Amino acid sequence: VIDSGIDLQHPAFQGGLVAASEMWDYVGNDAMPQEEGVIGTDAAFGHGTSVAGIILQIAPKAKILPLRVLGSDGSGDVLNVAAAINRAMQAGANIINLSLGSDTNSQAVNDAINAATLRGIFVISSSGNTNNQSVTFPANQANVDTSTPGQYSLSVSSVDANDDKSSFSTWGTSLEMSAPGEQVFGPVPGNRIGAWSGTSMSAPMVSATLALALSQSLNATVGKADLTTKLKNTAYNIYKSGQNSAYKIDSSDTGLSSQRLLGEGRLDINNFLSSVMP
């Protein structure tokens with residue numbers, strides 16, 4: 001989980017973290033990726049804690065490697081993000097969750113993601129919260145390549161409880177799939193529980209679902225490289241009615257009614273696992 005760090009002492013993480021020697025804080029330049037800030041004051045305080053907590057709620061036997069690259073205001077350096085991806089890769093991570101993004105494409109981050117995916121590591125990225133077609137990087141690049149990097153990377157947008165596009169979620173034909181991202185409950189620093197909304201909450205749901213699949217013996221006809229395709233192919237069809245906001249973002253978008261603007265559909269964990277397990 002490459003993010004704002006986590007609350008290392010929160011009960012939600014006890015027994016769910018890797019060895020402390022593998023963690024790193026690129027903001028504080030030390031081995032303690034502890035969240036820093038004040039609830040309600042610092043925009044990103046608690047963000048990484050929530051993301052990691054969502055993963056453990058879905059895949060409770062997963063092990064979280066927290067790497068802190070974001071400050072309490074949500075800002076960060078793309079070179080630190082690239083370094084964290086490389087560190088996760090060297091540490092043996094199976095899945096890298098990037099609930100973060102930038103308006104600017106970074107070659108350093110792209111190179112790190114390509115190196116990770118070529119090793120068979122999944123990289124899951126949130127699409128952004130600006131309610132337009134400006135999907136943030138690296139999610140913007142997740143479906144560019146259909147070879148190995150494309151098979152192991154995935155972009156995720158957000159839908160609400162009715163499977164409509166979340167009001168904040170980015171959208172566009174480059175997106176690959178969606179997951180719930182509104183009022184998602186999880187741990188909050190200080191031994192608390194709270195709810196967050198954002199595509200940042202959608203991405204870890206997909207990461208956790210992949211963790212569940214990797215913990216099982218896959219169907220003989222399913223290879224590891226097939227899992228992201230299976231995730232998309234088994235997604236719930238949110239486009240059934242033709243009136244769903246996933247078709248038309250607003251009444252002026254008359255030319256978009258036939259396009260899938262939130263990927264192949266909404267994450268369906270049961271359908272996915274049923275398709276990949278014996």
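Visitor: Which backbone atom lies 3.4 Å from a polar atom of the Y152 side chain?

Guide: That's the backbone nitrogen of A225. Keep in mind this is a predicted model.

Visitor: Okay, and where does Y152 sit, in which helix?

Guide: Y152 is in helix α4, which covers residues 148–152.

Visitor: Buried or exposed?

Guide: Y152 counts as buried because its relative accessible area is 9%, and the cut-off for buried is under 20%.

Visitor: What is Y152 in contact with, leaving aside neighbours within four places in sequence?

Guide: T117, G120, I121, F122 and V123, and then K224, A225 and T228. As for T228, its C-alpha is separated from that of Y152 by 6.6 Å, with the two residues 76 apart along the chain.

Visitor: Switching topic: how do α2 and α3 pack, at what angle?

Guide: Helix α2 (residues 78–91) and helix α3 (residues 107–118) pack at about 10°, and their axes are 8 Å apart. That angle makes α2 roughly parallel to α3, since anything under 35 degrees counts that way.

Visitor: Which residues make that contact?

Guide: From α2 you get V78, L79, V81, A82, I85, N86 and M89. The α3 side brings A108, V109, A112, I113, A115 and A116.

Visitor: And how does the contact of α2 with α3 split by class?

Guide: There are 12 nonpolar residues, 1 polar and no charged ones.

Visitor: I85 caught my eye. What about the largest nonpolar core, how many residues are in it?

Guide: That core has 62 residues, and I85 is among those with the most contacts inside it, along with I2, I96, L98 and V206. Helix α5, residues 199–214, gives the most to this core, with 8 residues.

Visitor: What does V206 touch, skipping neighbours within four places in sequence?

Guide: V206 is in contact with I124, L154, V156, M177, A179, L231 and L267.

Visitor: What's in the second core?

Guide: The second core is separate and has 9 residues, including W171, L175, Y239 and L261.

Visitor: Back to α5. Is S200, which is placed in that helix, buried or exposed?

Guide: Buried: the relative accessible area of S200 is 7%.

Visitor: So what is S200 in contact with, again leaving aside neighbours within four places in sequence?

Guide: H47, V51, S99 and S126.

Visitor: And how far is S200 from N129 in space?

Guide: S200 and N129 are 8.7 Å apart, C-alpha to C-alpha, and 71 residues apart in sequence.

Note on methods
Residues are numbered from 1 along each chain as its sequence is written. This is a predicted model: local features need pLDDT of at least 70, side-chain atom pairs count only at pLDDT 80 or more; totals for chains, interfaces and linings use all residues. Side-chain values use heavy atoms; hydrogens and water are left out. Axes are lines fitted to C-alpha atoms, for helices over the stretch in contact, and angles run from 0 to 180 degrees between N-to-C directions. Helices (H or I, at least four residues) and strands (E, at least two) are DSSP runs, numbered from the N terminus. Angles under 35 degrees count as roughly parallel, over 145 as roughly antiparallel, 65 to 115 as roughly perpendicular and the rest as oblique. Contact means heavy atoms within 4.5 Å. Ala, Val, Leu, Ile, Met, Phe, Trp, Tyr, Cys and Pro count as nonpolar, Asp, Glu, Lys and Arg as charged, and the others, Gly among them, as polar. Buried means under 20% relative accessible area, exposed over 50%, partly exposed in between (1.4 Å probe, protein chains only). A polar contact is a pair of N or O atoms within 3.5 Å; within protein, one must be able to donate a hydrogen and the other to accept it, and residues adjacent in sequence count only if both atoms are side-chain atoms. A nonpolar core is a set of buried Ala, Val, Leu, Ile, Met, Phe, Trp, Tyr and Cys residues joined through side-chain atoms within 4.5 Å.
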